[in-house]
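Welcome! Here is a short briefing to read alongside the structure, with a few topics to look up as you go.

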Protein chains: 2
Amino acid sequence: MPEQSPGSRPTLEAVAARAGVSRATASRVVNGGDGVRKPLVDKVLKAVDELGYIPNHAARTLVTRRTGAVAVVIAEPEIRIFSDPFFSQQIRGISKELTAHDTQLVLLLVEGPGDFDRIARYLSGGHVDGALAFSLHTDDPLPAITRRAGIPTVYGGRPSWTADPGDQAVPYVDADNRGGARVAVQYLRDLGRERIAHIGGPPDQTSAMDRLDGYRDVLIDVDPTLVAEGGFTVESGARAMAELLERRPDLDAVFVANDLMASGALRVLRERGVAVPEQVAIVGFDDMDSVAATTDPPLTTVNQDIEGQGRLMARLLLRGLDRDRTGNGPAPDSVITPTTLVRRASA
Amino acid sequence: MPEQSPGSRPTLEAVAARAGVSRATASRVVNGGDGVRKPLVDKVLKAVDELGYIPNHAARTLVTRRTGAVAVVIAEPEIRIFSDPFFSQQIRGISKELTAHDTQLVLLLVEGPGDFDRIARYLSGGHVDGALAFSLHTDDPLPAITRRAGIPTVYGGRPSWTADPGDQAVPYVDADNRGGARVAVQYLRDLGRERIAHIGGPPDQTSAMDRLDGYRDVLIDVDPTLVAEGGFTVESGARAMAELLERRPDLDAVFVANDLMASGALRVLRERGVAVPEQVAIVGFDDMDSVAATTDPPLTTVNQDIEGQGRLMARLLLRGLDRDRTGNGPAPDSVITPTTLVRRASA
DNA sequence: CGCATGACTGAGAGCGCTTCCCGTACGCGG
DNA sequence: CCGCGTACGGGAAGCGCTCTCAGTCATGCG
């Protein structure tokens with residue numbers, strides 16, 4: 001690779017000159033070379049190579065009006081954000097897919113409520129072609145922002161407002177939370193468990209609600225005392241478990257809405273000398289490898305392909321952007337990814 | 001905020017026209033307004049506001065040759081990456097600082113060894129003004145890449161080659177690992193412990209080595225059987241603890257190079273019925289809030305301000321970029337951030 | 001053999017912005 | 001009241017690239 005002399009990189013002009021063609025032809029070659037005869041293509045490529053030419057991104061963006069960048073907006077006031085393997089795996093998937101399409105990942109962390117202004121300005125500023133967002137809470141202002149900015153956006157997780165009629169559909173990627181929950185609870189029932197409790201997640205997150213719905217699908221007329229609410233954290237899971245044991249010492253199984261809470265629940269059960277799975281069987285959700293496999297006993301849980309979801313989000317967005325540009329292809333539709341039950345020792 | 005008619009955003013030209021000034025004057029106002037009389041400034045700002053003008057970033061970059069973006073390169077083949085609260089907090093700090101300076105964060109995840117080519121191309125491509133990187137392993141190709149691309153870079157954690165003489169200094173931000181370790185071990189000794197073991201991190205990470213050095217600073221002629229090596233993971237910590245107990249059943253304290261390993265060590269001690277801190281005192285490192293406070297017993301550990309380190313990294317880089325541009329100010333220098341011992345129950 | 005047709009290539013016009021350079025208008029002192 | 005100096009505003013030149021449009025050349029067919 002040729003050394004870069006400081007401050008001056010070769011331009012297309014230089015490449016064209018060296019190859020003995022016009023700038024237009026050089027440009028054509030650099031952008032795929034359609035309609036340029038082989039010998040010229042080779043000459044240009046040779047010049048590119050010799051000069052170490054790298055296209056100027058800003059100039060290209062200026063004329064094409066496309067940035068080749070996508071924003072990933074993470075708005076999570078809680079600590080959970082990155083520490084949550086969930087996000088990190090999702091981002092990893094996104095990164096892989098974007099990279100494969102020569103698209104940059106611009107990370108936008110929302111630090112506080114006042115930040116939405118900044119985000120809005122940024123998204124409106126034409127810095128990125130599209131956005132990927134994680135819709136978490138009911139009152140999330142993000143959808144409104146992206147809509148007003150006219151930025152194509154794909155959501156991770158079913159946005160809460162998608163239930164509302166009349167709202168325009170937005171593409172999103174989500175796991176089959178309800179189906180997964182159904183399978184999990186059904187499994188517990190097939191095991192012969194009769195008083196299956198549930199520790200749910202925060203009600204303003206659709207994933208939590210969908211999992212609860214799945215639970216109810218199987219246990220139609222469930223006694224409300226068998227249901228407790230947690231906050232998707234280890235601690236809240238422990239609290240909820242304690243609460244359930246208090247209310248229903250007779251319970252013989254718990255379907256917990258995520259692995260973190262399940263690990264908290266396991267701890268409480270262990271502390272109180274309740275044998276898992278003999279006395280109480282536990283099934284979690286997410287199959288976080290850093291949690292589910294290392295609990296004692298290892299957690300039976302519902303697996304979802306989180307990284308795959310990230311990839312899918314990116315792919316959906318890129319496809320949509322491509323469609324905007326070329327004007328053809330089907331409108332991107334939401335995708336529900338499958339879930340599978342992973343049997344370990346806790347149930 | 002005015003609605004954007006699709007596809008056409010107001011230009012500086014439009015703002016200038018509406019304000020009744022030249023484009024040059026409008027530009028000056030938008031960029032700070034130096035040397036423009038108050039009434040005109042106001043007129044322009046009013047026009048900007050009314051039109052909802054947002055500068056075209058590509059055009060600006062094209063002429064100024066500055067992108068207003070910084071790359072954050074994370075090259076960690078292991079899973080640890082994001083799941084590691086370490087990175088997430090660091091990134092959070094970086095994000096805050098960059099945001100405060102209207103600079104974008106472009107995330108570059110290295111997925112595999114072959115990816116370095118892509119990273120190199122990207123960094124050379126003038127997409128970003130600078131880079132922040134986490135130097136982890138001895139043979140990391142990143143430093144060479146950024147140097148060749150001529151991209152100002154600040155490292156997180158002391159790069160291993162900084163020990164080599166003759167190598168040009170690179171700015172980095174790191175905690176006072178050695179000092180922190182010293183304080184921790186000294187604390188154990190002040191407690192009256194006499195056979196203080198050490199579980200170290202991977203030898204190709206400077207933080208691990210520096211902590212080991214701190215340990216040795218206090219325990220000058222330490223018996224090598226008291227030192228075991230781990231990989232900064234829970235499991236490796238457990239393994240190392242088991243190994244130490246095997247070799248030296250008489251040990252009465254362990255200084256562990258990070259909290260994750262410490263939690264693994266605690267588990268092993270608990271399983272074997274060794275009382276902590278009565279029989280064996282444990283001190284960790286990092287003070288990860290998701291770990292140190294929730295172990296049983298809560299972990300005495302060495303705290304470092306990780307988010308602050310991230311901020312510092314960004315600040316150092318921005319200062320360097322500013323210096324490159326204006327040509328004045330001191331060259332950015334590396335920073336070692338202080339560490340403090342946090343007393344909890346494990347020692 | 002001549003002209004039409006198609007396939008390529010080249011010239012040039014900007015994309016929106018910053019900034020240099022020059023003209024001018026205003027300030028002040030004499 | 002007039003001259004000069006200073007500071008501010010305006011014109012214009014690109015930054016590097018894409019893409020339309022027109023021109024060129026070779027070929028195929030009548």
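A polar contact is a pair of N or O atoms within 3.5 Å; within protein, one must be able to donate a hydrogen and the other to accept it, and residues adjacent in sequence count only if both atoms are side-chain atoms. This is a predicted model, where local features need pLDDT of at least 70 and side-chain atom pairs count only at pLDDT 80 or more, while totals for chains, interfaces and linings use all residues; side-chain values use heavy atoms, without hydrogens and water. Residues are numbered from 1 along each chain as its sequence is written, with chains lettered from A and ligands numbered from 1 in the order in which they are written.

**Contacts with DNA strand D**
- A polar side-chain atom of Arg60(A) lies 2.7 Å from a phosphate oxygen of DNA strand D.
- Ser27(A) also places a polar side-chain atom 2.7 Å from a phosphate oxygen of this strand.
- For Arg28(B), the partner at 2.7 Å from a polar side-chain atom is a base oxygen of DNA strand D.

**Around the strand**
- Among the 28 residues around DNA strand D (a heavy atom within 4 Å), Leu12(A), Ser27(A), Tyr53(A), Arg28(B) and Arg65(B) come nearest.
- Sugar and phosphate make up 66% of the strand's atoms that come within 4 Å of the protein.

**Charges over rings**
- Arg211(A) lies over the face of Phe285(A), 3.8 Å from the ring centre; a charge counts as over a ring if NZ of Lys or CZ of Arg is within 6 Å of the centre and within 35 degrees of the ring normal.
- In chain B, Arg211(B) lies over the face of Phe285(B), at 3.8 Å from the ring centre.
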